[in-house]
Amino acid sequence: MPRTNDAWDVLVVGGGPAGLTAAITSRQTGLSVAVAGATDSASHCGETLSASCLQLLTRLGIGDEFRCEHHLPLQGVRSAWGSNEVDEHSSLFNPYGESVILDRMRLGLRMERLFRNEGGVVIEGRIQDVRVERGEHLVTLRTRQDCQQIRAKALIDATGIAARVARRLGAQRIIQTRQVALGWCIEAPPGTSDLPTTAIIEGVESGWLFAVPVQRSRAAVWFVCDPVLATQGDGLKRALRESREVSRWLNCFDLVPTGEPAVRNASVGRLDRVAGDGWVAVGDAALSLDPLSSSGITLAILSGMHGARAIAASVAGNDDRLAEYVQTLQDAAKHHAKLRQQFYRAERRWPNADFWMNRQGLARSTSEDRHDSRRWY
Ligand SMILES: Cc1cc2nc3c(=O)[nH]c(=O)nc-3n(C[C@H](O)[C@H](O)[C@H](O)COP(=O)(O)OP(=O)(O)OC[C@H]3O[C@@H](n4cnc5c(N)ncnc54)[C@H](O)[C@@H]3O)c2cc1C
């Protein structure tokens with residue numbers, strides 16, 4: 001831990017999966033590391049983790065504990081995508097094993113404990129300002145009590161889609177598609193039978209719906225749509241009227257979404273620069289994937305590991321790994337964009353609906369979108 005006037009080797013901003021992975025990895029390279037993180041207000045109810053991501057947790061050093069926590073297994077996914085017929089994909093046929101329905105809070109606590117055990121320090125607070133002074137970063141952090149200034153040789157931006165640090169340092173966010181997810185966590189009435197541990201995904205004219213049990217008697221429903229629907233109170237009701245499978249599933253278990261939905265920014269985009277002099281962005285801050293891929297946390301963990309090693313090498317005077325990291329993320333962005341378009345193009349039931357045309361690459365784009373997509377591909 002640095003003395004009062006010393007700088008941390010690495011300050012990680014943001015304590016989500018990308019930030020904590022980067023912090024643990026940086027600590028394991030022997031550097032002094034602190035995480036500055038604000039309390040996460042987003043609802044992560046209903047996120048799933050693939051079996052291959054569980055292997056990453058093992059590499060990080062928390063795989064065994066994670067498995068012992070008995071996160072609910074996801075036995076399969078039913079999809080009504082591209083036709084009214086329902087396709088069943090069982091986890092049994094996945095060579096890597098079952099996915100799990102994630103308890104994000106528990107994963108966060110587990111990661112934070114490992115980081116503290118490795119000698120890392122967590123400071124609760126929200127970053128207000130970032131400046132570069134005499135080759136070091138000077139970060140202003142607002143905590144519950146006061147404002148602190150923290151000095152660090154290197155910064156890791158893990159602030160999620162907001163990319164607060166990188167944008168302060170001059171990087172710009174390129175949005176490929178603006179979209180939101182409206183979500184509800186719904187408790188089944190007492191006496192309802194256990195919910196089946198399969199998820200359902202269904203395309204509707206104005207977006208797509210995803211329903212998944214989060215516990216035996218609790219489910220999450222997300223509706224991914226254009227942002228304008230978030231401001232219209234009946235967005236979900238309309239989607240459920242259009243839906244056959246998700247609404248049938250909810251009815252079957254007396255699950256009724258009520259109250260205001262949680263609204264999450266689900267936009268797909270990336271930074272124009274994911275690294276610079278003494279800083280690197282990881283996770284959603286660097287590249288935010290479509291939730292359709294269910295891969296954001298895998299990317300967060302992978303980029304957290306690689307970004308941290310790259311910045312550690314850079315602190316030691318070698319920038320080659322930083323260049324490799326930038327290239328890897330560019331490749332990942334291209335790969336994601338291609339796969340994503342294929343998925344959306346498989347849904348042709350509403351050829352004139354803006355939501356689908358925009359994602360299939362068929363819509364007349366705005367000048368902003370044209371600018372964005374030239375840089376994306
Ligand atoms: C509807 C929806 C469903 C999804 N489902 C899945 C899924 O099933 N599987 C999957 O793998 N992924 C899923 N994702 C994606 C996944 O949630 C993200 O990719 C993942 O959370 C990214 O992790 P992160 O650590 O980069 O960012 P985040 O999880 O967003 O963490 C960022 C952290 O930074 C903190 N922060 C922000 N600003 C500041 C500041 N100024 N100062 C200090 N701290 C700050 C925040 O409070 C937060 O704790 C889904 C996304 C959405 C929108």
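Which residue is the bridge partner of Ile186 in E16? The partner is Ala219. This is a predicted model, in which local features need pLDDT of at least 70 and side-chain atom pairs count only at pLDDT 80 or more, while totals for chains, interfaces and linings use all residues. Residues are numbered from 1 along each chain as its sequence is written.

**Confidence**
- The mean pLDDT (the predictor's confidence in each residue, from 0 to 100) is 90, and 93% of the residues reach 70 or more.
- Over residues 365–377 pLDDT stays under 50.

**Sheet**
- Seven strands (DSSP runs of E, at least two residues, numbered from the N terminus) form an open sheet with mixed pairing, in the order E6-E5-E14-E15-E16-E13-E17.
- At the edges, E6 (87–90) and E17 (262–265) each pair (at least two DSSP bridges between two strands) on one side only.
- E13 (residues 180–187) and E16 (residues 218–225) run antiparallel and are joined by 8 bridges.

**Ligand shell**
- The ligand is surrounded by 34 residues (C-beta atom, placed from the backbone, within 6 Å of it), and the closest are Gly14, Gly16, Gly160, Gly283 and Gly296.
- Two or more residues come from each of helix H1 (17–28), strand E2 (33–37), strand E9 (126–133) and helix H8 (296–315); helices here are DSSP runs of H or I, at least four residues.
- H8 gives the most, with 4 residues.
- The shell holds 15 nonpolar residues, 13 polar and 6 charged, where Ala, Val, Leu, Ile, Met, Phe, Trp, Tyr, Cys and Pro count as nonpolar, Asp, Glu, Lys and Arg as charged, and the others, Gly among them, as polar.

Methods
Two residues are in contact if their C-beta atoms, placed from the backbone, lie within 7 Å.
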